[in-house]
Structures are given as C-alpha cells and as structure tokens.
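Welcome, and thanks for taking a look at this one with us. Please have the sequence and the coordinates open as you read.

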Amino acid sequence: MKTLLALLALASSSFAGGLLDPSDKAIDEFTIDVEGRYWFATLSGEIKADTSIFTGSHIDLVDELDFEEPVDPLIEGVLRARMKKIQIRAAYFQVSWDETTRLEKTIRFKDLVFSASTIVEANATVRFGALDAMFLIVDTGNSKEIGLEIGIGIGGRYLSFEGAIENALTGVDESISRTGIVPVVSVFASVAFLNCFRIDVEASGMKIPGFFPKIEGTFLDASIEARVYLVSFLYIAGGYRFILLDVEWDASADVEFETRLQGFFVGAGITF
C-alpha cells in the first residue's frame, strides 16, 4: 500500500509540474511496451499427489502448509509488441514458498504418510510464462480524445511446478515435479483517453480436454490495469491479477491442482 501511495504521489507531482501534454505523441501509438510489476499475490487452494497404489490427501496449501507469503517479492515482466493490427504479448514470473509447520491432521503425499503433530518442512516453486498473438478487431478513435481497441487471439502458457514435503525430524521427504504447455484463447480490450490515462482488460483461458497430453482441466489467466502516463513514453500502473489452475496432471503419478494466485499489483513501464 505504501508503494501504491508513493506512485500516486509521483503521478500528482507530474501533473503539477506540467509533464503531461495532451498534444504530445498519442499514448496508443507504440511499437514496443515493456513493463515491470510488483505483485502482492496470495495463494489459495489444494494439491493432491497419488501413486499407482496409494491415493493422496487433499492438502490445503495455506491452512496446512502455511503457504501465505512467498519467499521473495513476486516480480513479473511483461512485453508487448505491435505491428499494425497484430499485437504480441509475452510475460514471465517465478515465485517460491518455503515453510516449516506442525500438521494439525494426518496427510498422505504420494508414498509418505505424515501424522498429525508432525513438524514438516514444505517448499514449492512455480514458474509461469505467457505468449499470445492477438489481432485487433476494433481499433477506433484516438487516445488524445478517446480511443478503443479490442483484440482476440491464441497463445500458450508455460507452467512449471516443483514441490516437496519433508519430515523435519527424520529428513524423509517426498517430492513432485510437473512441467507443461497449455494452449489458450485470449481476448483484450483497451480504452485510452485525454492522452494521459489508459485502462486494459486481458483474459486468457482454456477448458483442457481429456485427450490433451498429460493434463486436463481448467485454466484461466486474467487482469485489469489502469495506467497514468507521466510523459507519452513513461507510465505508472496499478491493477488486479488472477490465475486459476484446476487440473489433473497425469505422469508417473497423478497430481491434482485446485489453486488460485491472485492480488493487486503496481508497476511502471516505457513505450517506444
């Protein structure tokens, strides 16, 4: 929150100092847009890991493993490139959790059973990459007054998960690792006005069918962002981001994810 207030104060001082000029280059006329985001993300949901013999427990990531705050700040990089009616969007982040907690109930994670009151060390790392190609079906007006863009397209999401639970007393542990590519259908809409402000809404998702290799279920990736331009090529931003992963990953053992990663973010970017 302090970071967000600082950014708003910077925007106010920029207006007062006369940095913004509605007659300057239109903010929706760019070829490259590079943005960095600080994401105040929270994790929720469950994970379940089976073997060919044993059925694992549904383990709550927050209530049972204390995965509330990531180890390091979650920084996401976003790149947009536009060529006439085609817009390419790429993004990447990595986030980790590492907690020591006392279990309140007995759980099974793959082959291992961890009894209630056992102290366990749990860790997980998620890597997420996005790539979309979208076509502008609506491109009307101009940001110096009001401009609207709407696009649709296709893309993919790279998902990587590594996790482990270890008995802190005996050192015996069990781990899982999954990596995959999920195809998505993407849409976005953008409204820019007064050559100073812009609001972007983006959403991508896929109901992954059972015949898709190794993974099936539902994936959703969405965000809304408001920008304030300090000058025509420099902006600060704030918004909300949401990722839903409700899938079954089938490899040497079945792994089920019913998870959500969501929260507010602040950021800054430059355009060329």
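## Cavities

A cavity here is a set of grid points where a 1.4 Å probe fits but cannot get out. With that in mind, note that this is a predicted model. How many cavities of 30 Å³ or more turn up when the whole structure is searched? The search finds 4. The largest cavity has a volume of about 310 Å³. It is lined by 21 residues, and Leu43, Val126, Phe161, Leu245 and Thr259 are the closest to its centre.

Strands from several parts of the chain share in this lining. At least two residues each come from β2 (42-49), β5 (86-102), β8 (119-142), β9 (146-167), β13 (234-250) and β14 (254-271). What is the lining made of, nonpolar, polar or charged residues? The split is 17 nonpolar, 2 polar and 2 charged.

## A nonpolar patch on the surface

Let us turn to the outside. Met83, Ile86, Phe135, Ile137, Ile152 and Val187 make a nonpolar surface patch of about 530 Å². One of these residues, Ile152, sits in strand β9, a strand that also helps to line the largest cavity. Ile152 has a relative accessible area of 43%, so it counts as partly exposed. Residues enter a patch only with over 30% relative accessible area, and Ile152 passes that cut-off because its value is 43%.

## Salt bridges

Side chains of opposite charge can pair when their charged atoms come close. The count for this model comes to 23 salt bridges. One of them joins Arg227 to Glu35, with 3.7 Å between the closest N and O atoms. This pair links distant parts of the chain, since Arg227 belongs to strand β12 (residues 215-231) and Glu35 to strand β1 (residues 32-39), 192 residues apart. Are the two partners buried or exposed? Arg227 is buried, at a relative accessible area of 1%, and Glu35 is buried too, at 2%.

Arg227 has another salt-bridge partner, Glu225, with an N to O distance of 2.8 Å. Glu225 counts as buried because its relative accessibility is 1%. A further salt bridge brings together the side chains of Asp132 and Arg157, 2.9 Å from N to O. Here strand β8 supplies Asp132 and strand β9 supplies Arg157, and the pair links distant parts of the chain, 25 residues apart. Asp132 is buried, with a relative accessible area of 3%, and Arg157 is likewise buried, at 1%.

## Two lysines with positive phi

Most residues other than glycine have a negative phi. Which way does phi point at Lys84, positive or negative? Lys84 has a positive phi of about 60 degrees, although it is not a glycine. This lysine is found in the loop between β4 (74-83) and β5. With a relative accessible area of 79%, Lys84 is exposed.

Lys110 also has a positive phi of about 60 degrees without being a glycine. Its place is the loop between β6 (107-109) and β7 (112-114). Is Lys110 buried or exposed? Lys110 has a relative accessible area of 16%. Buried means under 20%, so Lys110 counts as buried. When you inspect the backbone, Lys84 and Lys110 are a good pair to view side by side.

Technical notes: Residues are numbered from 1 along each chain as its sequence is written. This is a predicted model: local features need pLDDT of at least 70, side-chain atom pairs count only at pLDDT 80 or more; totals for chains, interfaces and linings use all residues. Side-chain values use heavy atoms; hydrogens and water are left out. On a 1 Å grid over the protein atoms alone, a cavity is a set of points where a 1.4 Å probe fits but cannot get out, and a pocket is an open set with protein on both sides within 12 Å along at least five of seven lines; lining residues have an atom within 4 Å of a point. Grid points are joined across faces, edges and corners, and a volume is the space filled by probe spheres set on the points. Helices (H or I, at least four residues) and strands (E, at least two) are DSSP runs, numbered from the N terminus. Ala, Val, Leu, Ile, Met, Phe, Trp, Tyr, Cys and Pro count as nonpolar, Asp, Glu, Lys and Arg as charged, and the others, Gly among them, as polar. Patches are made of residues with over 30% relative accessible area and no salt bridge: like charges are joined within 9 Å, nonpolar side chains (Val, Leu, Ile, Met, Phe, Trp, Tyr) within 5 Å. Accessible areas come from the Shrake-Rupley method with a 1.4 Å probe; for residues, only the protein chains shown count as cover. A salt bridge is a side-chain nitrogen of Lys or Arg within 4 Å of a carboxyl oxygen of Asp or Glu. Buried means under 20% relative accessible area, exposed over 50%, partly exposed in between (1.4 Å probe, protein chains only).
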